[in-house]
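Here are a few exercises to work through with the model open beside you. Try each task before you read its solution.

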Amino acid sequence: MSVTAPPDVLSRDQIEQFWELGYVVVKSAVSREEAERYRNVILDMLPRDLHIPAGWSVSGGRIKPYHDVPERSHTYDTPELLPLLCNETLYGAAAQLLGSERLRVGDGSLGITMRNDAGPILSQNIHLDASVPADLPNFLFTQEELQVGGCYYFTDVLPEGGGIHIVPGGHRIVEEKARASAEGRKLYRGWKRLDDFPETVEVTGEAGDFALLHHLMPHAASSNRRPVARVAQFTRWTRVDHAHYPAKPAAPDRYNQAQLAAMTPLGRKLLGVDSW
């Protein structure tokens, strides 16, 4: 199956913003109608009696579903949700930033953030999801190591509405600190508690928008002070020649026929079903 080269999605100003601030909001990655459909699919996963499965994670009003099999997997790639991983607009933006059209996509985890009036606005420590081997002495800071990812907002996220919190320009602070220290990759308990970083700001957005972050962006989940539950899905892209995790073909039994039918030709390549 052939895949045409992606069009440029991000403007020059947006690309400059990404490299300067470490993030960009891709507007209308899906339509409001699609966002509402995905929102309902995810909310329908909640048991009507609110008996939250034991394997799910619940903290500060934030609910994160997990599968029992494979053990503790957070990836939800059902036929209803698979198109999110095959999104052509976001693929085009990722290809611009990663400098390659040959990409892999992953994550596929979900988040439902209910109203929570108690406690601090940040419901997590400021941290990195660097996905760089912990036994390395330091990050490489190369484009081959770069990962870009973030979350779809399926609801309008207003201030104090449970939006992701970031440190604008924080990826550059991470690089400066890591390069200056012999501990590099192991600073801040493996970059999981960034207690002395500048104050965070909340990334707000409309239903259908996608908050796209640099993999070295310090961030944290936040409490939702508003009555509408924030519903989100998380997606991440890497190059197939990633410095630490080069792409491998999907196992022959990884996807069933319903999942394969939901994939676009682009999605088959991004998910490793077909080669580039």
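**Exercise 1: Salt bridges**

The side chains of Arg193 and Asp195 meet in a salt bridge, with 3.9 Å from N to O; a salt bridge is a side-chain nitrogen of Lys or Arg within 4 Å of a carboxyl oxygen of Asp or Glu. This is a predicted model, where local features need pLDDT of at least 70, side-chain atom pairs count only at pLDDT 80 or more, and totals for chains, interfaces and linings use all residues. Residues are numbered from 1 along each chain as its sequence is written, and side-chain values use heavy atoms, with hydrogens and water left out.

*Task.* Are Arg193 and Asp195 exposed or partly exposed?

*Solution.* Step one: recall that buried means under 20% relative accessible area, exposed over 50%, and partly exposed in between (1.4 Å probe, protein chains only). Step two: Arg193 has a relative accessible area of 30%, so Arg193 is partly exposed. Step three: Asp195 reaches 58%, so Asp195 is exposed.

**Exercise 2: Linking distant parts**

*Task.* Find what Glu206 pairs with, and where the two partners lie.

*Solution.* Step one: the side chain of Glu206 forms a salt bridge with that of Lys27 (3.2 Å, N to O). Step two: Glu206 sits in the loop between β7 (201–202) and β8, and Lys27 in the loop between β1 (23–26) and α2 (32–43), so the pair links distant parts of the chain, 179 residues apart. Helices (H or I, at least four residues) and strands (E, at least two) are DSSP runs, numbered from the N terminus. Step three: Glu206 is partly exposed at 42% relative accessibility, and Lys27 is partly exposed at 46%.

**Exercise 3: The two sides of α4**

*Task.* Which residues of α4 (170–180) are buried, and why do they lie on the same side?

*Solution.* Step one: Gly170, His171, Val174 and Ala178 are buried. Step two: they share a side of α4 because they cover an arc of only 100 degrees around the axis, taken from the directions from the helix axis to the C-beta atoms. Step three: Glu176, Arg179 and Ala180, on the other side, are exposed. Step four: the cover over the buried residues includes α1 (12–21), α5 (187–191) and β8 (210–214).

**Exercise 4: A loop glutamine**

*Task.* Is Gln147 buried or exposed?

*Solution.* Step one: locate Gln147 in the loop between β4 (103–113) and β5 (148–153). Step two: its relative accessibility is 4%, so Gln147 counts as buried.

Terms used:
Contact means heavy atoms within 4.5 Å.
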